[in-house]
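Here are my notes on this one, set out point by point. Have a look at the model first, then read on.

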Amino acid sequence: MVQTINVDNQVMPAVGLGLWKIDPDTVAQTVYDAIKAGYRHLDSAADYANEVEVGQGIARAIADGLCSREELWITSKLWNTYHRKEHVEAACRRSLADLGLDYFDLYLVHFPIALQFVDFADRYPPEWLFDPQVAQPGMQLDRVPLSETWGAMEQLVEAKLARQIGVCNYSASLLHDLMSYANIKPAMLQIESHPYLTQEALIRTAQSYDIAVTAFSPLGSLSYVAIDMASEAETVLTQPVVLAAAERAGATPAQVVLRWGLQRGTAVIPKTTNPQRLVENLSLSDFSLTDEEMAAISGLNQNRRFNDPGAFCEEAFNTFYSIYD
Ligand code: A2P
């Protein structure tokens, strides 16, 4: 049985495949394998630089009769350089074209960070640096209010390019502010969350507005070790309370951590390119965690954020830009 989560009265599969950092050379096959394994929810973004190849995997799966477009839930995200109202629709259409789709189930503002526009013809996806060729490349911020971006996101719904719209990496204050001007309410908040970053107050804030929550990096540090943003020792998968629950439930530690995410009411979008883990990460409904296990895993919280622009923008892009403080 595929577990689902209610997103403004639409049914979204609660486990999706996260596509960040999957090599464009292999992602079409991974997407195909995932759909074959039962995934119906894919989490994409322009910034992941693999949407064309993701689209090839989707197209082959549909052509082979594994599923229809309507059975898939496909999310993508507006990159930081396209926050001005005149760029939002073009960016959405570019992602749709790359993926070979005519609508998104969900389109999200990727970060509450507006960067100077970079023309598609100059660089796509443009990533964080304004001009990587100059002697000292850095980020160039743009003065665009998030309300302007949201207004243009609302027009995507009117234009039937996106069925639902939402935001990523917003704090509780930004959500309160957004709710003060939104004509179309955000259907989703996507945030980093795992047992070391439980974000209870933020999730509660979103849920108080009936905004669904998706947890990215639901397994914690693992994705960040290879890019030097976490150490191997920071894995949550060897924590005694996780191991004990895994042993008791006859599940793997990763399944326990993902199930913890589901049982607290969030969707989870683990990334994997390993065919066995694809199946493992989707098989979360034949066991459940007790209240005590849930509390013990939540007790691991240490407010450890692995994906923090306040840290990585300075190190990687010569620009200090904090958003969570
Ligand atoms: P791999 O692609 O080699 O499987 P997250 O989406 O939480 O950031 O986690 C992704 C990271 O966790 C990747 O490094 C992925 O590596 C690894 N991973 C995904 N699923 C599992 C699993 N079931 N057990 C162990 N590691 C996993």
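What percentage of the 325 residues in the chain is made up of buried residues?

1. Buried residues account for 53% of the chain's 325 residues. Keep in mind that this is a predicted model.

2. On overall shape, a compact globule of 325 residues would have a radius of gyration near 20 Å, and the chain comes in at 19 Å, so the two agree. The C-alpha trace spans about 55 × 45 × 40 Å along its principal axes.

3. For secondary structure, I count 12 helices and 10 strands in the chain. Looking at contacts between residues at least 6 apart in sequence, 74% join residues at least 24 apart.

4. As for the outside, the chain's accessible surface is about 14000 Å², and carbon and sulfur atoms hold 47% of that.

5. Now the ligand. It is surrounded by 15 residues, with S223, K271, T272, R277 and N281 the closest. By class, that shell has six nonpolar, six polar and three charged residues.

6. Two helices deserve a look here: α7 (222-225) and α10 (275-282) each supply at least two residues of the shell around the ligand. The largest share, three residues, comes from α10.

7. Some polar pairs to check by eye: a backbone N or O atom of L219 sits 2.9 Å from a ligand oxygen, and a polar backbone atom of T273 is 3.1 Å from an oxygen atom of the ligand. On the side-chain front, an N or O atom of E280 lies 3.0 Å from a ligand nitrogen. Taken alone, the ligand exposes 570 Å², and the protein buries 85% of that.

Conventions
Residues are numbered from 1 along each chain as its sequence is written. This is a predicted model: local features need pLDDT of at least 70, side-chain atom pairs count only at pLDDT 80 or more; totals for chains, interfaces and linings use all residues. Side-chain values use heavy atoms; hydrogens and water are left out. A residue is near a molecule or strand if one of its heavy atoms lies within 4 Å of it. A polar contact is a pair of N or O atoms within 3.5 Å; within protein, one must be able to donate a hydrogen and the other to accept it, and residues adjacent in sequence count only if both atoms are side-chain atoms. Accessible areas come from the Shrake-Rupley method with a 1.4 Å probe; for residues, only the protein chains shown count as cover. Helices (H or I, at least four residues) and strands (E, at least two) are DSSP runs, numbered from the N terminus. Ala, Val, Leu, Ile, Met, Phe, Trp, Tyr, Cys and Pro count as nonpolar, Asp, Glu, Lys and Arg as charged, and the others, Gly among them, as polar. The radius of gyration is taken over C-alpha atoms; the globule rule is 2.2 Å times the number of residues to the power 0.38. Buried means under 20% relative accessible area, exposed over 50%, partly exposed in between (1.4 Å probe, protein chains only). Contact means heavy atoms within 4.5 Å.
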